[in-house]
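Reader: Before I rely on terms such as buried, partly exposed or salt bridge, I should like to see how each one is justified. May we go through them in turn?

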Amino acid sequence: MILALLLLAVVVAAVVVAGQRRGGSAQLTADTGNPVRQFFQYLILAGLLFAAGSGLTGLLRRLLDAAVDPTATMAWDDSLLALYLTFTVIALPLWVALAWWTRRRHRAEPREGRAALWTAYLTLVLVISLLVILSGWQGAADSFLHGPRRPGTLVQVLVWLAIWWVHRRWGRLSTAPGQLRLERLLGTLITLVAAAVGLVTVLGAALRELLGLTGPSLVPTTAPDMLEGLTLLVGAGAFWAVYWVRGLARGPRDTGWLALVLLAGVGAALVAAITAGSLLLWHVLVWLVGDPGAVSARGHFLAAPGQLGTIVVGLLVGWYHQEVLAARRAAPRDEVRRVYEYLLSAVGLGAAGAGLVMVLVTLVEALAAGADLVVGGSAVNALLGALVLLVVGLPVWWWHWRLVQLARAQDPPTEVASPTRRFYLLVLFGLMGLAAVIALLTLVYLVLEDALAGQLDAETLRRIRFAVGVLVTASLLSAYHWTVFRADRALAPEETTASATAGGRQDRESLDRRVLLVGADAPDVVAELARRTGAQARLVVRADDGAAPWSLDDLVGALDAAPAGDLVVVAGADGLQVLPVRR
C-alpha cells in the first residue's frame, strides 16, 4: 500500500509540474531550490506520513475497541500489531522531525513553498486524506448501523481529519494564492460525487418505502439504508461546503473551474440522469407491453427507487451548476464549453446509434423468423430497449448539436478552426470506420462460411443481424457527418483569407510584440489574447489580494491604444495599468 501511494506521489508530481508549466504561472519558477533534493525530501515526507497515519489509526482503534470490549483483544493479529507499533514509534517521530525541518526551510526560503514538488506533495496528501476520511466516515456509519458496533472505527476519521487540517493550514501559510488549485478542484469533485451518492441513497430508501417495495419489516431494511445515505450526505456535504461554497465558488472562473462545473457539474450529472431515466422507462415498458418473465411487480421494479433518486439528484445537480454558470452566459465562447457540448452530443449520438442498431437487429431477426431472444430473453424487450435509446438519445444529440451548429453559423471561421470540433469529427470518423470495417469483415466471413458449407438460409440471416445493424448505422452516421466535414473544409479558404486580412491590419511591430500580464490566474487569457492580437503573452500571478479578474475585451482595447513595442499590463482594483518597456 505504501509503495502504491509513493507511486501515486510521483504521478501527481508529474501532473502538477506539467500543468503549472503549461499555465505559465510565475509563482512556480525554475529557481525554487534543488529539485532532486526536493523530490526525495517530499517523497520521504509523504511515505512517512502515510505510514504514521496508518500505524496510529490501527493502534488507537485497537486500544479503543479493547477499552469498550475487553474480549476484542482475543482477535488481535500480533504481526499486524507489530507493524502498527513500528509505524507509530518510528515513522511518526521521523515525519515530525522532517516536517519541522521543511517548515524552517520554507520560512528561510519562501520560494521553496512555491515549488511544483511541494504543490504535488500537498495535493497528494490532501486528496488521499479526504478519501480516507470519507471512507472511514462511511465505515463508521456501517459499523453502528449494521454491527458489530466498534467505536474504534471513528479513529480513522479523527486521525486523517487532523492530517487534512494540518496540511491545509500548512499550504495556506507556505504557498501562493491559486497554487493548490488542482487540489481544490479534485476535492470539490470528490465531495460532490460522494454527496450526490448519499442523496441518491436517501431518496432511494424513501421512495422504496413510499412505493411499498420494502420487506415486511421497516427497521432492518429502509431505515439503515436511509441513515447510511444521510451520513454520507452530511459528511461529504460538509467538505463540499468548505471546498466549493467557501472556496471555488468565490474564486476566478478559469479553465479548471469551467471544466469542473461544465463537465462534472452539468455534463456528468445529466448523463447519470439520462441513463437512469432510460433504464426506468425500459423497465416500465417491459412491464406494460413487453415480456417481464415470471417476476412479481416488486421484484421487477426493485431498482426503480434508486433510478428515480438518480434522476432527481442528477437534474438537481445539473440545474444548480447551470445557475452557477448564469453569470458567464454572455461571456465569449471557449473550448471548455465546446468540449461540454460535443461530449453530450457524442453521448446522445451513441445512445441513438445503439438504438438504431438494435432496431435493425430486431428487424433482421424478424425477417429470419428466428426464435432466439436478443435482450433479456425477449425480442420484444430488445425492441423496447432500442426505442428507449432512440427516444432518449435523439433529443439529447439534437439539442446540443443544434447549439454547436448555431455557434458555427454565427462565427464560422472560429468554430471551424476549433480543435474540439476537429477532434470530434475525426474521432467519430475513426470509430465509425473501424466499426464498419469490422462489421463488413464479420458479415462476409459468416456468409462465405455458410455458402461454402451449402447452408445459406434463414439461419445465415440471423447470424449476420448484428453485423448488418452496425454496418448500416455506421454508414448512415458517417454519411451525415461527412457532409458536415465537407462544409467545414469549404470554409477553410475563407478562414485563411480572413486571417490574412486581419494580419494585414497589424503592423510588423504589433505581431512581434511581447506582453507580460500581471494579475489574477487565468491561463486561457494568454491563448485568447495571442489569438486576437498576435502578441506573445505571458502571465504572472500576483501574490497579493489586489488582482482583479481579467476582461479580455478591455485587455485587447488597452493593447490597441498603447504605443508600439513591448508592454507590461497590471490588473488591479482600479483597472488596467499599461506600462511600455524596453526589450
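Author: Let us begin with Glu 109, which has a relative accessibility of 27% and therefore counts as partly exposed. Please bear in mind that this is a predicted model.

Reader: What makes 27% relative accessibility partly exposed for Glu 109?

Author: Buried means under 20% relative accessible area and exposed means over 50%, with partly exposed in between. Glu 109 stands at 27%, so the term partly exposed applies. Its partner Arg 111, at 32% relative accessibility, is partly exposed on the same grounds.

Reader: How do you know that Arg 111 forms a salt bridge with Glu 109?

Author: The criterion is a side-chain nitrogen of Lys or Arg within 4 Å of a carboxyl oxygen of Asp or Glu. For Arg 111 and Glu 109 the closest N and O atoms are 2.6 Å apart, so the pair qualifies as a salt bridge.

Reader: How many salt bridges does the structure hold?

Author: The structure holds 10 salt bridges. Among them is the one between Glu 415 and Arg 338, at 3.2 Å from N to O. This pair links distant parts of the chain, with Glu 415 in helix H13 (residues 412-416) and Arg 338 in helix H11 (residues 335-368), 77 residues apart. Both Glu 415 and Arg 338 are buried.

Reader: Why is the pair of Arg 463 and Asp 450 said to tie together parts of the chain?

Author: The side chains of Arg 463 and Asp 450 meet in a salt bridge of 2.7 Å, N to O. Arg 463 lies in helix H15 (residues 458-463) and Asp 450 in helix H14 (residues 419-452), so the pair ties together parts that are 13 residues apart in sequence.

Reader: Are Arg 463 and Asp 450 buried or partly exposed?

Author: Asp 450 has 5% relative accessibility; since buried means under 20%, Asp 450 counts as buried. Arg 463, at 29%, falls between 20% and 50% and so counts as partly exposed. As for networks, salt bridges that share partners join Arg 37, Arg 105 and Glu 112 into one.

Reader: How do you know that Glu 228 has no salt bridge?

Author: The nearest side chain of opposite charge, Arg 208, is 9.2 Å away from Glu 228. Glu 228 is nevertheless buried, and its place is in helix H7 (residues 222-245). Leaving aside residues up to four places away in sequence, Glu 228 touches Gln 138, Asp 142, Leu 145 and His 146.

Reader: Which residues gather in a patch of positive charge on the surface?

Author: The patch consists of Arg 169, Arg 172, Arg 246 and Arg 250. One of them, Arg 169, is in helix H5 (residues 153-174).

Reader: What makes Arg 169 eligible for a surface patch, given that Arg 169 counts as partly exposed?

Author: A patch residue needs over 30% relative accessible area and no salt bridge. Arg 169 has 43% relative accessibility, so the area requirement is met.

Reader: Which residues form the nonpolar patch on the surface?

Author: Leu 85, Val 89, Ile 90 and Leu 94 form the nonpolar patch, with about 360 Å² of accessible area together. Ile 90 belongs to helix H3 (residues 78-108). With a relative accessible area of 47%, under the 50% limit for exposed, Ile 90 is therefore partly exposed.

Reader: What percentage of the residues in the protein is buried?

Author: Of the 583 residues in the protein, 42% are buried.

How values were computed: Residues are numbered from 1 along each chain as its sequence is written. This is a predicted model: local features need pLDDT of at least 70, side-chain atom pairs count only at pLDDT 80 or more; totals for chains, interfaces and linings use all residues. Side-chain values use heavy atoms; hydrogens and water are left out. Patches are made of residues with over 30% relative accessible area and no salt bridge: like charges are joined within 9 Å, nonpolar side chains (Val, Leu, Ile, Met, Phe, Trp, Tyr) within 5 Å. Accessible areas come from the Shrake-Rupley method with a 1.4 Å probe; for residues, only the protein chains shown count as cover. Lys and Arg count as positive and Asp and Glu as negative; His and the chain ends are not counted. The place of a charge is taken as NZ of Lys, CZ of Arg, CG of Asp or CD of Glu. Helices (H or I, at least four residues) and strands (E, at least two) are DSSP runs, numbered from the N terminus. Buried means under 20% relative accessible area, exposed over 50%, partly exposed in between (1.4 Å probe, protein chains only). Contact means heavy atoms within 4.5 Å.
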